[in-house]
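Biologist: Please give me a close look at a single part of this model, the contact between domains. After that, go on to the salt bridges and to a few individual residues.

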Amino acid sequence: MAKLTKKQKEAASKIEKNKLYSLKDAAALLKVVASAKFDESVDIAVRLGVDPRKANQMVRGVVTLPHGTGKDVKVLALVTPDKEAEAREAGADHVGLDDYLQKIKDGWTDVDVIITMPAVMGKLGPLGRILGPRGLMPNPKTGTVTMDVAKAVQEVKAGKIDFKVDKTGIVHAGIGKVSFGAEQIVDNAHEIIQTLIKLKPTAAKGTYIKGIHLTSTMSPAIALDPKAV
């Protein structure tokens with residue numbers, strides 16, 4: 001295990017061991033313990049009482065964070081020529097089709113989200129081995145395969161994110177920056193927690209929200225009281 005730096009030790013000392021914080025207190029504390037010279041990302045990890053190996057207990061979805069992610073999301077719109085102007089006007093960073101498909105084949109994946117149209121999905125199939133592991137494969141369930149390309153681009157730019165429970169039963173999501181106000185962090189965290197509650201699979205038994213942790217890029221995790229969110 002890597003040794004903690006002096007700043008990390010100081011940060012850890014401000015977090016009470018074994019204490020479960022309210023979301024409001026955790027957000028305020030996170031701003032105190034974050035000490036990096038850059039604007040750290042704020043992440044939430046929610047441990048769910050599900051078995052992701054079972055199809056009827058898979059949890060995935062999308063949520064629009066009220067205050068966005070604080071990140072400049074780079075969007076690639078893979079569209080037919082008649083949709084290019086629409087995608088550009090909506091704010092897509094890269095717009096095109098065959099040229100970008102070739103770039104991806106050659107290993108280029110310098111984007112955060114890819115939005116495309118149903119008619120183009122057939123061309124993306126062979127690129128699944130490149131895009132899939134990076135979480136870039138468009139999916140109708142997350143709204144990234146659509147005829148309304150402009151709306152999809154605008155929503156992603158405004159703070160719409162998609163999430164999926166991992167094989168250990170945890171959902172990870174970036175919900176802002178340390179420069180956000182504590183109330184903004186609370187609002188964003190609350191939005192994703194409430195969305196997860198609404199998505200509880202009927203097959204999930206027992207306690208559903210088992211644990212929640214809030215952390216920034218360089219700070220220790222702060223444990224939340226699931227009953228106080």
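Modeller: Domain bounds here come from an automatic or database domain assignment. For the protein chain, that assignment gives domain 1 as 16–67 + 158–222 and domain 2 as 73–156. The model is predicted, so local features need pLDDT of at least 70 and side-chain atom pairs count only at pLDDT 80 or more, while totals for chains, interfaces and linings use all residues. Residues are numbered from 1 along each chain as its sequence is written, and side-chain values use heavy atoms, with hydrogens and water left out.

The centres of domain 1 and domain 2, taken over C-alpha atoms, are separated by 27 Å. Six residues of domain 1 and seven residues of domain 2 take part in the contact, which is defined by heavy atoms within 4.5 Å. Between them the two domains bury about 600 Å², and 45% of this area is on carbon and sulfur atoms. Buried area is the accessible area (1.4 Å probe) lost by two parts on being put together, summed over both. On the side of domain 1, the residues that lose the most area to domain 2 are Arg60, Ala158 and Lys160, together 73% of what that side buries.

Across this interface the rule finds one salt bridge, that is, a side-chain nitrogen of Lys or Arg within 4 Å of a carboxyl oxygen of Asp or Glu. On the side of domain 1 that touches domain 2, the elements giving two or more residues are β2 (60–64) and β6. Strands (E, at least two residues) and helices (H or I, at least four) are DSSP runs, numbered from the N terminus.

The side chains of lysine 160 and glutamate 155 meet in a salt bridge, with N and O 3.0 Å apart. Which of these two partners is buried? Lysine 160 is buried, with a relative accessible area of 16%, whereas glutamate 155 is partly exposed at 26%. Buried stands for under 20% relative accessible area, exposed for over 50% and partly exposed for what lies in between (1.4 Å probe, protein chains only). In addition, salt bridges that share partners join Asp72, Asp93 and Lys157 into one network.

By the same rule the count comes to ten salt bridges. One of the pairs is arginine 53 with aspartate 51, whose closest N and O atoms are 3.0 Å apart. Arginine 53 is exposed, with a relative accessible area of 75%, but aspartate 51 is buried at 17%. Another pair is arginine 88 with glutamate 84, where the side chains meet at 3.7 Å, N to O. Because they are four residues apart in helix α3 (residues 81–90), arginine 88 and glutamate 84 are separated by about one helical turn. Both of these residues are partly exposed, arginine 88 at 48% relative accessibility and glutamate 84 at 22%.

Next come the individual residues. Glycine 169 lies in a loop, the one that runs between β6 (160–164) and β7 (170–177). With 0% relative accessibility, glycine 169 counts as buried. Not counting residues up to four places away in sequence, glycine 169 touches Val46, Arg47, Leu48 and Pro52. Valine 75 is 94 residues away from glycine 169 in sequence and 28 Å away in space, C-alpha to C-alpha.

Threonine 195 has its place in helix α8 (residues 182–198). Threonine 195 is buried, and its relative accessible area is 15%. Leaving aside neighbours within four places in sequence, threonine 195 is in contact with Val62, Val63 and Phe163. Val62 and Val63 fall within the residue range of β2 (60–64), and Phe163 falls within that of β6 (160–164).

The last residue to look at is asparagine 18, in the loop between α1 (6–13) and α2 (23–33). Its phi is near 70°, a positive value in a residue other than glycine. Most residues other than glycine have a negative phi. Is asparagine 18 buried or exposed? Asparagine 18 is exposed, with a relative accessible area of 75%.
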